[in-house]
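Okay, thanks for coming, everyone. I'd like to walk you through one helix today, so let me put the model up.

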Amino acid sequence: MDFITKYQQYFIIIVISLILGLIRWSFLDKDFPLIGLSENQIKSIRIKQLSKNIDSGSIDFSLMKKIVSDKVFPIIDARDLESYDEGFIGHAINIDALLLIEDGDENETNKLYQFFDSFSDNRIILYCWNPDCDRAEFLRAFLIDSDLMLESDISIYKGGWEEWDSLYKGK
């Protein structure tokens, strides 16, 4: 008879623990699912996986496709606004590097600082026309010199818009 009561006590302890655990869970942030992973946890895993692939600071086409499809890193198009309006990569925003650096354009400066006010990630991707285009490099240097980003947190898609446009058509 003592044998049954002992297991009944274990069962009662387990049930009480489950009930108290569920009560505690109900008071937690709703981005903490009971089963599975939350959106933020999935995003963190994708960021970690993609970050492992970005080691040299430059990105190839296949990695850029993953970055665009996962939408885990912000992308900045360093070309002029007219070029950006004709087409851009994924969810990129436009910061005209030459207007920002050479002219000190107030609108571009404000746009850049507004971007960083809403910026929560620790890595960004820059691109311009092609490997011969220096705008992304200029913007990278500006971000580092302005203490907005660390050099290790800025990656450049060297193929730029021309590679993306030629390889991504129809895909």
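Before anything else, some vocabulary: I call a residue buried under 20% relative accessible area, exposed over 50%, and partly exposed in between, with a 1.4 Å probe and protein chains only. Also, this is a predicted model, so local features need pLDDT of at least 70, side-chain atom pairs count only at pLDDT 80 or more, and totals for chains, interfaces and linings use all residues. Residues are numbered from 1 along each chain as its sequence is written, and side-chain values use heavy atoms, with hydrogens and water left out.

Quick overview: the protein has eight helices and five strands. Those are DSSP runs numbered from the N terminus, with helices being H or I of at least four residues and strands E of at least two. Of the 171 residues, 35% are buried.

Now to α6, residues 106–117. Which residues are buried there? They're Glu108, Leu112, Phe115 and Phe116. Looking down the axis of α6, the buried residues sit within an arc of 95°, so they line one face of the helix; the arc is taken from the directions from the helix axis to the C-beta atoms. On the face turned away from that buried side, you'll find the exposed residues Glu106, Asn107, Gln114 and Asp117.

What do the buried residues of α6 pack against? The partners are β2 (75–77), β3 (93–94), α5 (97–101), β4 (124–127) and α7 (135–145), where contact means heavy atoms within 4.5 Å.

Methods
Expected span 1.5 Å × (residues − 1).
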